[in-house]
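Me: Hey, could you walk me through this model? I'm new to this, so plain words please.

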Amino acid sequence: MRTRPTLAWEPTGGLPPASADLSGVVEAVRAGGVVVLSGAGLSTDSGIPDYRGEHGSLRRHTPMTYQEFVGGEPARRRYWARSQLGWRAMTRARPNAGHRAVTALGEAGLVTGVITQNVDGLQQSAGAAGVIELHGSLSRVVCLDCGDLSARSELDRRLREANPRFEEAAEEHRAARVNPDGDVELPEEAVRAFQVVACAACGLGVLKPDVVFFGENVPPERVEACGRLVAEAATLLVLGSSLTVMSGLRFVRQADRSGTPVLIINQGPTRGDRWAAERVDLPLGQALPTLVARTCS
């Protein structure tokens, strides 16, 4: 059974206000054994919007769902046409100070693992080791028929060959803002003639980005690997995630059940606040370099 997409969540209140004081987080991180659970808020300073923040993409964009993608060729054509421009923007994004700070904490031996809900690969580009990509990666493509995995860069080449005039026709949309799922908004007339290609390995299969769409389950072996990290953690540190979807929230609840402190740094409330020992409301680009300076000096 597929999970129903959770696109929105409303805070219920009743919690003390979040603090701007990092002292409790500094103390916990200094003790080591920290597992990071990161969300889209960690990549906003790299030019990739989050879903639900003040300028989140859900205010103007409904992301592709698994059911829509597998349900018909028109939806897949729309996704790959928009992604053809969005992929270019994603590859230009670079790690920011927050990504570098998480890497520095890992190199100092304080962070023992990173679970990222992001599909942009920026935490790995910043040099972090042992990152588990909970929702997959836009850098890979999977065939839904034969299971073959291939590089998105190779699909990019094939799509450009199949649609030699597409990018010229879509030139006016080249600067459109990329969404967290790797596409940009395009009018229907810009995608109607776009040609989708089949799997190169089996010749017929439907290609899908190797990411977990809304409404799709995270592979169980990946959930188990993340669960083991959280079970061994001294502290779970949530960075830049509203925790709206259960795929990430489950690890906060797991930590709480086992008595592992949960610390959250996020701008705005999160669905996991009720389980948090510390709730800090600060921009990550400010908070994380400060955290490194105070724990690694």
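**Confidence first, then packing**

Reply: Over residues 55-60, pLDDT stays under 50; pLDDT is the predictor's confidence in each residue, from 0 to 100. The model has 20 contacts for those residues beyond four places in sequence, where contact means heavy atoms within 4.5 Å. Where pLDDT is low, the predicted coordinates should not be read in detail.

Me: And what's the mean pLDDT of the protein chain?
Reply: The mean is 88, and 86% of the residues reach 70 or more. This is a predicted model, so local features need pLDDT of at least 70 and side-chain atom pairs count only at pLDDT 80 or more, while totals for chains, interfaces and linings use all residues. Residues are numbered from 1 along each chain as its sequence is written, and side-chain values use heavy atoms, with hydrogens and water left out.

Me: OK, helices. How do H4 and H11 lie to each other?
Reply: They're roughly parallel, a label for angles under 35 degrees (over 145 is roughly antiparallel, 65 to 115 roughly perpendicular, the rest oblique). The axes of H4 (residues 97-107) and H11 (residues 284-295) come within 8 Å and cross at roughly 25 degrees. Axes are lines fitted to C-alpha atoms, for helices over the stretch in contact, with angles from 0 to 180 degrees between N-to-C directions. Helices (H or I, at least four residues) and strands (E, at least two) are DSSP runs, numbered from the N terminus.

Me: Which residues make that contact?
Reply: On the H4 side they include Ala101 and Leu105, and on the H11 side Leu288 and Val292. By class, the contact of H4 with H11 has nine nonpolar, two polar and no charged residues. Ala, Val, Leu, Ile, Met, Phe, Trp, Tyr, Cys and Pro count as nonpolar, Asp, Glu, Lys and Arg as charged, and the others, Gly among them, as polar.

Me: What about H3 and H6?
Reply: H3 (residues 73-92) and H6 (residues 152-162) pack at about 120 degrees, with axes 11 Å apart, so they're oblique to each other. Trp80 and Arg88 are among the H3 residues that meet H6, whose side includes Asp156 and Arg160. That contact divides into four nonpolar, three polar and four charged residues.

Me: Switching topic: how many aromatic pairs?
Reply: Five. Rings of Phe, Tyr and Trp (its six-membered ring) pair if their centres lie within 6.5 Å; planes under 30 degrees apart are stacked, over 60 edge-to-face, the rest tilted. Phe69 and Phe213 have ring centres 5.3 Å apart and planes at 50 degrees, so that pair is tilted. Phe69 sits in H2 (residues 66-71) and Phe213 in the loop between S6 (207-211) and H9 (220-232), 144 residues apart.
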